[in-house]
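Q: Please take a close look at one loop in this model and at the parts of the chain around it. Where does the loop lie, and what surrounds it?

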Amino acid sequence: MNAAVLGLLAAIAIATGSGITREMVQRLPPRQLIGPLYACNALILVPFVPFAHWEWSKTAVVLLCTSALVVSLQALSVFELFTHGSASATTTAQATSPIAAAIGSAILLPATFDWVEIAVAASVIVGVLGSLTGSFPNLQKGRTLFTAGVASVTTGITTVLARQLADEGVGLVQTYTIRTTFAAVLFVLFIPPTDLPRREIPMIVARSSFITLGWCLSILGVQRGSPTVIQTMMATTPMWLIGWESIHQGRLPSTRSVLAASLVVAGILVTLVW
């Protein structure tokens, strides 16, 4: 299975998990959710730990620690967007991440870099961020742009780091379990889940299953192809969510969300045709 297909499958899985996340955020303290969700993400892959290859070179350890810090920052920005906007609007903000992946690839992975990819990604991120400013009515325009930008950059850099880890011989299980466990410990320590009822555990497990599947597929895709291509394929996530929201809520998404998602898809089509 090639990298582009893995990226698209990852988008579908993450879209499903994001829809569940949005529902949970509406009922529960958003930041208190992050630690338990990351912990559950890590636990899902624990059965595979004894069979995985583990690499502990100095470079691998630095990359793993950096990846954990990046996904922690990503979670803070993404959950703020989930709190104030729809799931499709939030994932559209993340879908601008190809530009970050392209820039990261140019600097850290020059062999995978393509100027066409970065040109397409740049046009997508400018259009999408501009279209999204009205999709989070409870956030000021400047704060919306900043938060969406952080979500975009951290999502793209996470993918680039996954490719660097693969080049260092670090496998999927090690990459995912280490970064999610590290992030889970940070959030549980600094934002303890004191107000989360135990009855939410089944929903947490369901959400984590889809998110973990999506990220694992993306890591597999990065190991086989360009980080920019993977992020561009994963940028279809908002389109799946727009359809899901329309059916589930019985109403159409905002015009801005549709426009932003359409800009993402346009960039994807240009990438595929090129």
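A: Valine 49 sits in the loop that runs between H2 and helix H3 (58–84). The model is a predicted one. With a relative accessibility of 27%, valine 49 falls in the partly exposed class. Beyond its neighbours within four places in sequence, valine 49 is in contact with Trp54 and Val173. Valine 49 can also be placed relative to threonine 177: the two are 128 residues apart along the chain, and their C-alpha atoms are separated by 8.6 Å.

Threonine 177 belongs to helix H8. Its relative accessible area is 7%, under the 20% limit, so threonine 177 counts as buried. Leaving aside neighbours within four places in sequence, the contacts of threonine 177 are Ala42, Leu45 and Trp54. Trp54 is thus a contact of threonine 177 and also of valine 49.

A second pair can be described in the same terms. Leucine 43 is in helix H2, and its C-alpha atom is separated by 9.3 Å from that of threonine 180, although their positions lie 137 residues apart along the chain. Leucine 43 counts as exposed, at 58% relative accessibility.

Helix H2 also takes part in a pocket. The second largest pocket holds about 160 Å³ of space, and the elements giving two or more residues to its lining are helix H2 (30–44) and helix H9 (201–224). H9 gives the most, with 3 residues. The lining consists of Pro36, Cys40, Pro193, Leu196, Pro197, Arg198, Glu200, Ile201, Ile204 and Val205. By class, 8 of these are nonpolar and 2 are charged, with no polar residue.

One of the lining residues, Glu200, also forms a salt bridge. Its partner is arginine 27, and the closest N and O atoms are 2.7 Å apart. Glutamate 200 is in the loop between helix H8 (172–190) and H9, while arginine 27 is in helix H1 (residues 3–27), so the pair ties together parts that are 173 residues apart in sequence. The two ends differ in exposure: glutamate 200 is buried, with a relative accessible area of 7%, whereas arginine 27 is partly exposed at 45%. Side chains of opposite charge can pair when their charged atoms come close.

The whole structure contains 2 salt bridges by this search. The other pair is aspartate 167 and arginine 163, with 3.2 Å between the closest N and O atoms. Both of these residues lie in helix H7 (residues 141–167), 4 residues apart, which is about one turn of the helix. An α-helix has 3.6 residues a turn, so residues three or four places apart point the same way. Here aspartate 167 is partly exposed at 48% relative accessibility, and arginine 163 is buried, with a relative accessible area of 16%.

Helix H7 also holds valine 160, which is buried with a relative accessible area of 0%. Valine 160 and isoleucine 230 are 70 residues apart in sequence, and the distance between them is 10.0 Å, C-alpha to C-alpha. Isoleucine 230 is one of the buried residues of H10, listed with Pro227, Thr228, Gln231, Thr232, Met233 and Met234. Helix H10 (residues 227–234) has 7 of its 8 residues buried, so it is largely enclosed by the rest of the structure.

These local details belong to a protein with 12 helices and 0 strands. Of its 274 residues, 55% count as buried. Among contacts with a separation of 6 or more, 88% are between residues 24 or more positions apart. The accessible surface of the protein is about 11,900 Å², and 69% of that area belongs to carbon and sulfur atoms.

Technical notes
Residues are numbered from 1 along each chain as its sequence is written. This is a predicted model: local features need pLDDT of at least 70, side-chain atom pairs count only at pLDDT 80 or more; totals for chains, interfaces and linings use all residues. Side-chain values use heavy atoms; hydrogens and water are left out. Buried means under 20% relative accessible area, exposed over 50%, partly exposed in between (1.4 Å probe, protein chains only). Contact means heavy atoms within 4.5 Å. Accessible areas come from the Shrake-Rupley method with a 1.4 Å probe; for residues, only the protein chains shown count as cover. On a 1 Å grid over the protein atoms alone, a cavity is a set of points where a 1.4 Å probe fits but cannot get out, and a pocket is an open set with protein on both sides within 12 Å along at least five of seven lines; lining residues have an atom within 4 Å of a point. Grid points are joined across faces, edges and corners, and a volume is the space filled by probe spheres set on the points. Ala, Val, Leu, Ile, Met, Phe, Trp, Tyr, Cys and Pro count as nonpolar, Asp, Glu, Lys and Arg as charged, and the others, Gly among them, as polar. A salt bridge is a side-chain nitrogen of Lys or Arg within 4 Å of a carboxyl oxygen of Asp or Glu.
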